[in-house]
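Hello,

Here is the structure I promised to pass on to you. Have a look at it first, and then read on for what turned up in it.

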Amino acid sequence: MSECNLYTVYVLIFFLVVFTISRIRDCWKPQLQYGKFLIRDESVTYVSAKIGWFLMELPSFLVPVLLLYRSGSLDSMGSKLLSFMFCAHYFHRTFIYAVRNNGSPKALRVVLAGCLFCALNGYLQGHSMIYCTHYDDNWTTDFRFISGGLFEYVTAANYFGEIVEWFGYAIATSTLPAFTFATYSAYYLGIQAWNHHRYYLEKFEDYPKSRKVLIPLIF
């Protein structure tokens, strides 16, 4: 059985932080190249949305599953439930959401970058959960675990739901890797939400000016 490698954990956390900071420039782009904003470039290689999303999301499911298989078993019910929650989310993203996705094609370089990111994050979350974190048997009755489950009721709110989901997972796990990923998700999805909001305001004259971008009644 492997042991906790804190050096690897902190290096990967540093990578997530640097990657998040590097995306700040995206806030100032007039338009991002994805979905409805995509402008095809003949010099760029594209793959279908189904293939692109499948390849990008697969490492986030496969890497933790392989780590779980290699570890043999988890030492507590808390670890088992939290690992199942993470893997179940990415099982849905990989084998259900990706297959049903009929969106715009994705640039191959974006897909490859997404694969790398998801592989590293999948390893970070899986290794941290399996080897670096211990939960007592009464963890499933702890407030932090219970409040993570309550976030299930707002998942239909698109980006906001996913942000809340990952912060709920971070609270339930109470690990630095999970909070780092939740912060990155909030930042990245926040950029997308802002661009969608700006697009609708410019495209439709009757779009409600009072409608918020991401957080109900706040932002």
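A charge is said to sit over a ring if NZ of Lys or CZ of Arg is within 6 Å of the ring centre and within 35 degrees of the ring normal. Please keep in mind that this is a predicted model.

With that definition in hand, start at Tyr 97: the charged end of Arg 93 sits over the ring of Tyr 97, 4.5 Å from the ring centre. Tyr 97 also has an aromatic partner, Trp 53, and the two rings meet edge-to-face, with 5.6 Å between centres and 80 degrees between planes. Trp 53 belongs to helix 2 (residues 49-71) and Tyr 97 to helix 3 (residues 77-100), so this pair ties together parts that are 44 residues apart in sequence. Tyr 97 itself is partly exposed, at 30% relative accessibility.

The two helices are linked by another pair, Phe 61 in helix 2 and Phe 95 in helix 3, which lie 34 residues apart. Their rings are edge-to-face as well, at 5.6 Å centre to centre and 85 degrees between the planes. Phe 61 counts as buried, with 17% relative accessibility, whereas Phe 95 is partly exposed at 34%.

The count of aromatic pairs comes to 14. You will also find one aromatic cluster formed by Phe 15, Phe 86, Tyr 90, Phe 117, Trp 166, Tyr 169, Phe 181 and Tyr 184.

Now to the cysteines. The structure holds one disulfide, and it joins Cys 4 to Cys 132, with 2.1 Å from S to S. Cys 4 is in the segment before helix 1, while Cys 132 is in the loop between helix 4 (108-131) and helix 5 (143-150), so the bond ties together parts that are 128 residues apart in sequence. The link is right-handed, with 100 degrees about the S-S bond. Both ends are partly exposed: Cys 4 has a relative accessible area of 33%, and Cys 132 has 29%.

What about Cys 115? Cys 115 is in no disulfide, and its nearest cysteine sulfur, in Cys 118, is 7.2 Å away. That distance is too far for a bond, because a disulfide needs the sulfur atoms within 2.5 Å. Cys 115 is buried at 18% relative accessibility, and Cys 118 is buried at 10%.

Finally, on the surface, Leu 6, Tyr 10 and Leu 176 make a nonpolar patch of about 310 Å². Leu 6 is placed in helix 1 (residues 6-22) and is partly exposed, with a relative accessible area of 44%.

Enjoy exploring it!

Definitions and conventions. Residues are numbered from 1 along each chain as its sequence is written. This is a predicted model: local features need pLDDT of at least 70, side-chain atom pairs count only at pLDDT 80 or more; totals for chains, interfaces and linings use all residues. Side-chain values use heavy atoms; hydrogens and water are left out. Patches are made of residues with over 30% relative accessible area and no salt bridge: like charges are joined within 9 Å, nonpolar side chains (Val, Leu, Ile, Met, Phe, Trp, Tyr) within 5 Å. Accessible areas come from the Shrake-Rupley method with a 1.4 Å probe; for residues, only the protein chains shown count as cover. A salt bridge is a side-chain nitrogen of Lys or Arg within 4 Å of a carboxyl oxygen of Asp or Glu. Helices (H or I, at least four residues) and strands (E, at least two) are DSSP runs, numbered from the N terminus. Buried means under 20% relative accessible area, exposed over 50%, partly exposed in between (1.4 Å probe, protein chains only). Rings of Phe, Tyr and Trp (its six-membered ring) pair if their centres lie within 6.5 Å; planes under 30 degrees apart count as stacked, over 60 as edge-to-face and the rest as tilted.
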